[in-house]
Amino acid sequence: MSTRWIFWGMAGFFFGVMGVVCLYLASWNAYHIDKQSRGRSPRDLLVQAGPTDRDAEYRGKGVRILCWIVIHSMNFSNRSMSVKRTWTKRCDIILFFSSETDPYFPTIGLKIPEGRAYLPQKSFAALMYIYKHHYDDADWFLKADDDTYVIMENLRHFLRDKDTTAPYYYGQVFRNSYNSGGAGYVIGKEGLRRFGKEAPNTGMCTNGQSEDVVIGQCLAFLGVMLWANTEDTLGRPLFNWNNAYGSLNGDVPAWAKNSTHTIIGLHGVSNIAVSFHYVKHPDIQYFEFFLNNLTVHGFHRPVWPV
């Protein structure tokens, strides 16, 4: 056999082996990438939208927002984790409060037992903590639940012409006396100042069964008033105690109809809504995806009166 044939035979064998090795490595890499992807939940694969350019524009106009949420330790891995990884990323500061400190979530421990009956005490302690440690770090202070979804850009838009030094607080008004806690309520610097200075001396800011009622009565006693007009120009609420499905489908219980202005149906939900409540853990992820990840090419949103 000639040297030439030996050379080409060896070359063919070498490249054949290299081809097999490359195919094996490619298939191994693809398998493990796919395996990792299968092991991750959908929330891990989302683009986590942070503050937008418009957010920065509003911050420059005095719309820095501290968000605070009181959470139950049983919800750390689901509801609380969902809000932590989605809309709260667009807060200027986010604080999570719970009964005990958890450095891994993380939470600020209030040393108050779990349970609905203790929520007024927890909110009182949380507001006192914020007053002592973060009063100068924000212009507005938003309270929400861990089953609330807040469109922060719309909240900044709503607050853009509000005066944080005026004694008002904002949210969805219930029974003309307090703002719904689930829909989220916003306190300005003057409201927080009065709370921090005077609430400990009133003896009426921690007692009661319903957190939002107790805080509303406390703020009213301190001269921090409800801002009645938190609707768009069509009379639709911006802060929503209900989820979007309930409002669209008319699933509104009688107690809610007797407590606040209610509009149901397709045109009952504001196109500049600030918040929705009773949003289930998976639905928080859906909100995040459709609002911040999905692009519809060639579609221009209709212009509604705002």
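**Close-up views of a cavity, a pocket and a surface patch**

**View 1. The lining of the largest cavity.** By class, 4 nonpolar, 8 polar and no charged residues line the largest cavity, where Ala, Val, Leu, Ile, Met, Phe, Trp, Tyr, Cys and Pro count as nonpolar, Asp, Glu, Lys and Arg as charged, and the others, Gly among them, as polar. The model is predicted, so that local features need pLDDT of at least 70 and side-chain atom pairs pLDDT 80 or more, while totals for chains, interfaces and linings use all residues. Residues are numbered from 1 along each chain as its sequence is written, and side-chain values use heavy atoms, without hydrogens and water. On a 1 Å grid over the protein atoms alone, a cavity is a set of points where a 1.4 Å probe fits but cannot get out, a pocket is an open set with protein on both sides within 12 Å along at least five of seven lines, and lining residues have an atom within 4 Å of a point. The largest cavity holds about 80 Å³ of space, and its lining includes Q172, W241, H261 and G268.

**View 2. The second largest pocket.** This pocket has a volume of about 660 Å³, and, of the 28 residues that line it, R116, L119, K143, D145 and H277 are the closest to its centre. Its lining has 9 nonpolar, 9 polar and 10 charged residues.

**View 3. A nonpolar surface patch.** Y245, Y286, F289, F290, L294, V296 and F299 make a patch of about 720 Å², built from residues with over 30% relative accessible area (Shrake-Rupley method, 1.4 Å probe) and no salt bridge (a side-chain nitrogen of Lys or Arg within 4 Å of a carboxyl oxygen of Asp or Glu), with nonpolar side chains joined within 5 Å.

Technical notes. Patch = residues over 30% accessible without salt bridge, like charges linked within 9 Å, V, L, I, M, F, W, Y side chains within 5 Å. Points joined across faces, edges and corners; volume = space filled by probe spheres on them.
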